[in-house]
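User: I should like to learn how to read the features of a protein model. Please begin with the structure itself.

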Amino acid sequence: MPKQFVVQLTNHPGELARLSETLADRGVDLRAIGGGGIGEAGHVIMTTADDDATRAVLQEGEYTFVEGESILAEVDDRPGGMAHVSRALADAGVNVLGHLFLGRWGDRATFTFVVDDPERARPILERKG
């Protein structure tokens with residue numbers, strides 16, 4: 001699974017365009033992307049087809065970012081599904097740095113998570129059911 005990048009952006013018009021144009025100019029294909037912003041702070045969470053080129057773009061652009069292993073997780077697609085998973089991570093002392101929604105299949109929603117302690121998180125996130 002590719003790396004997941006959590007990138008800090010200023011919450012101004014054109015910031016996402018600048019980043020995505022730079023990635024495109026380097027031939028980097030976005031695979032999944034999400035984000036948001038409040039006030040002056042914004043962020044994007046993404047996976048791409050080329051981790052090395054993505055990292056180079058972010059470093060050259062002097063972006064503040066973290067990258068981590070994308071851990072695939074199935075979450076019950078019902079009220080409380082994400083609450084259950086996020087509580088289990090919190091109780092294990094794991095901090096979620098970013099997560100991306102990938103889709104729904106039946107009664108399951110699929111996400112990828114990047115966390116500060118993948119070894120501790122993996123048994124929680126990879127649990128089925």
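Analyst: From the N terminus on, the elements run β-α-β-β-α-β-β-α-β-β-α, which comes to 4 helices and 7 strands. Helices (H or I, at least four residues) and strands (E, at least two) are DSSP runs, numbered from the N terminus. This is a predicted model, in which local features need pLDDT of at least 70 and side-chain atom pairs count only at pLDDT 80 or more, while totals for chains, interfaces and linings use all residues. Residues are numbered from 1 along each chain as its sequence is written, and side-chain values use heavy atoms, with hydrogens and water left out.

User: In what order do the 4 strands of the open sheet lie?

Analyst: Two strands pair if DSSP finds at least two bridges between them. Here the order is S2-S3-S1-S4, with antiparallel pairing. Strand S2 (30-38) and strand S4 (65-69) are the edge strands, each pairing on one side only. From one strand to the next, the twist averages 15°. Strand S1 (residues 3-10) and S4 are joined by 5 bridges, and Lys3 stands opposite Glu69 in S4.

User: Which helix packs on the sheet?

Analyst: Contact means heavy atoms within 4.5 Å. Axes are lines fitted to C-alpha atoms, for helices over the stretch in contact, and angles run from 0 to 180 degrees between N-to-C directions. Helix H2 (residues 51-60) touches S1, strand S3 (41-48) and S4, and its direction makes about 20° with that of S1.

User: How should a nonpolar core be read, and which residues have the most contacts inside the largest one?

Analyst: In soluble globular proteins, nonpolar side chains tend to be buried together. A nonpolar core is a set of buried Ala, Val, Leu, Ile, Met, Phe, Trp, Tyr and Cys residues joined through side-chain atoms within 4.5 Å; buried means under 20% relative accessible area (1.4 Å probe, protein chains only). The largest core has 13 residues, and Val85, Leu89, Phe113, Val115, Ala121 and Leu125 have the most contacts inside it. Strand S5 (71-76), helix H3 (81-91), strand S7 (108-115) and helix H4 (118-125) each supply at least two of its residues, with S7 giving the most, 4 residues. Apart from this core lies another, of 12 residues, among them Val7, Leu9, Val28 and Leu58.

User: What share of the chain counts as buried?

Analyst: Of the 129 residues, 36% count as buried. Along its principal axes, the C-alpha trace spans about 40 × 30 × 30 Å.

Key: Buried < 20%, exposed > 50% of the residue type's maximum accessible area, 1.4 Å probe, protein only.
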